[in-house]
Amino acid sequence: MNSSSVQAIAKQSRLAARQLSSTSESLRNLALSKMVDSLQSAKRRVLEVNAEEVEKARQAGHSNALVKRLTIDDKVFQYMISRLNEVARRPDPLNRVLEGHTNPAGLQVFKKSVPLGVIGIIYESRPNVTTDAAGVCIKSGNAVILRGGSEALQTNMLLADAMTKGAVAAGLPEHAIQIIRMPGHEAVGELLMMDDYVDVLIPRGGKDLIKRIAEGTRIPVIKHYDGICHLYIAADAAPAQAVDLTINSKCQSVQVCNALETLLIDQKCAEQMLPLLQAAFDTNNIELRGCEKTQKLLPGIAPATEEDWHSEYLAPILSIKIVNGIDEAIDHINHYGSGHTDVIVTQSLNMAQKFEHQVDSASVLINASTRLSGGGDYGLGSVVGISTDKLHARGPVGPDELTTYKWVAYGNGHLRN
């Protein structure tokens, strides 16, 4: 694949996007159903090829976290299918009248939701992004260009080809779903230059990838750099609930962006809570790093440095800080956090509301695990990522977030006086 073929893909996507913008909800939902059927037919081959790529990654010495993200087993495959079915059941994000009025002269003016156009998804490791991205884009009437990591290239191509087959069988344009098949960085560089054809880029992966994409293109980018997620245990927190929420937030899946990275504990309950938490973390093989006050209560743990408060570990490591009340907790989160997901554990509605109002994050949860921030538990079905930006989308990026709007006015020969 050379630069002209990347450009050809972008041009084809632009034409497909124009056709998709006028498709009915029923046609797009039919396409999603056909995509599921086609994926089910390709399942055996997908699992075989993925197993080969997983073994290559393992032999190449890639980390266990990357190998896990790369793997599609029967459970993961069914999860991917379920997310496509969920997104199909979502309300139609297109052609909604967002506001409107008839002016004194009788001109009918309204604002309606429309697709963004062509979405480029650049991602690493996770083949499930292939199906999530295609599903969300088709639901929202956008054409999608997929560019997955080379370590899962064959798996991604099989998934994309199966979904294309299903979408075309339903009557969608042939190029509604496309995948760049060339490994290496050259094709990504070319895609970043396609601002004449691509409306939005969404990178999924590590901070270095996201930074390179955002700094290397004129195309708008929906992004998040880090998931430095916090959980604050307030002085009045119920101990058993606080332990359960903290352990689930950190240990349920350490390598994901909404896993807990920094635990904040009110000094009024720290002496009671920390030994309970340490025992639970020891059971889950989590390395703890603490502030000076934490080290005094948990002798033997490593000191937390300034770098730790800025760290997204994506690993079995947790930093802990004892804070003097909710104001210090909020100040710490707003200073060190990445605006992704932050939690308070409290029995006080007033404290919960103060935390909600003052913590500047895309997701603020009350007495719930950080792991619940995302498309599935928010009822969005598939999403194409989490945004910590404030423009254009914030939080989980689902079908609604891949729309914009246009103003429409109906007149009867109306002239400007």
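Let's start at a strand pair: β1 and strand β2 (residues 108–115) run antiparallel and are joined by five bridges. Within this pairing, H101 has V109 in β2 as its bridge partner. Keep in mind as you browse that this is a predicted model.

The pair belongs to an open sheet of three strands, in the order β1-β2-β16, with antiparallel pairing. At its edges stand β1 (97–102) and β16 (403–410); each has a single partner strand, so one side of each is left without a neighbour in the sheet. On average, neighbouring strands here are turned by 20° against each other, direction ignored.

Now for some parallel pairing, centred on strand β9 (residues 287–290). Here are its two partners side by side:

| Partner of β9 | Residues | Bridges | Sense | Opposite residues |
|---|---|---|---|---|
| β11 | 317–323 | four | parallel | E287 and I317 |
| β10 | 302–303 | two | parallel | G290 and P303 |

To get from β9 to β10, the chain passes through helix α11 (residues 292–297), and this β-α-β crossover is right-handed. The side chains of β9 alternate along the strand: L288 and G290 are buried and point to one face, whereas E287 and R289 point to the other and are not buried. So the two residues of β9 in the table fall on opposite faces, with G290 buried and E287 not.

Next, the interior. Which residues touch the most other members of the largest nonpolar core? They are I121, L146, I177, V198, L201 and L402, out of 69 residues in that core. Helix α6 (residues 153–170) gives the most to this core, contributing eight residues.

I177 is a good place to zoom in. Leaving aside residues up to four places away in sequence, I177 touches M35, A134, I138, V144, L146, A160, M163, T164 and A167. Another core lies apart from this one; it has 34 residues, among them C269, M273, A280 and L365.

Finally, a helix pair. Two packed helices are described by the angle between their axes and the distance between the axes. For helix α4 (residues 74–89) and helix α5 (residues 128–139), the axes come within 10 Å and cross at roughly 10°. Angles under 35 degrees count as roughly parallel, and α4 and α5 are therefore roughly parallel to each other. On the α4 side, the residues at the meeting point are M80, R83, L84, V87 and A88. On the α5 side, they are N128, T131, D132, G135, V136 and K139.

How values were computed: Residues numbered from 1 in each chain as written. Predicted model: local features only at pLDDT ≥ 70, side-chain atom pairs only at ≥ 80, totals over all residues. Heavy atoms only, no water. Buried < 20%, exposed > 50% of the residue type's maximum accessible area, 1.4 Å probe, protein only. Pairing = 2+ DSSP bridges. Right-handed = clockwise from strand over helix to strand, strands pointing away. Axes fitted to C-alpha atoms, helices over the stretch in contact; angles between N-to-C directions. Core = buried A, V, L, I, M, F, W, Y, C linked by side-chain atoms within 4.5 Å. Contact = heavy atoms within 4.5 Å. Parallel < 35°, antiparallel > 145°, perpendicular 65-115°, else oblique.
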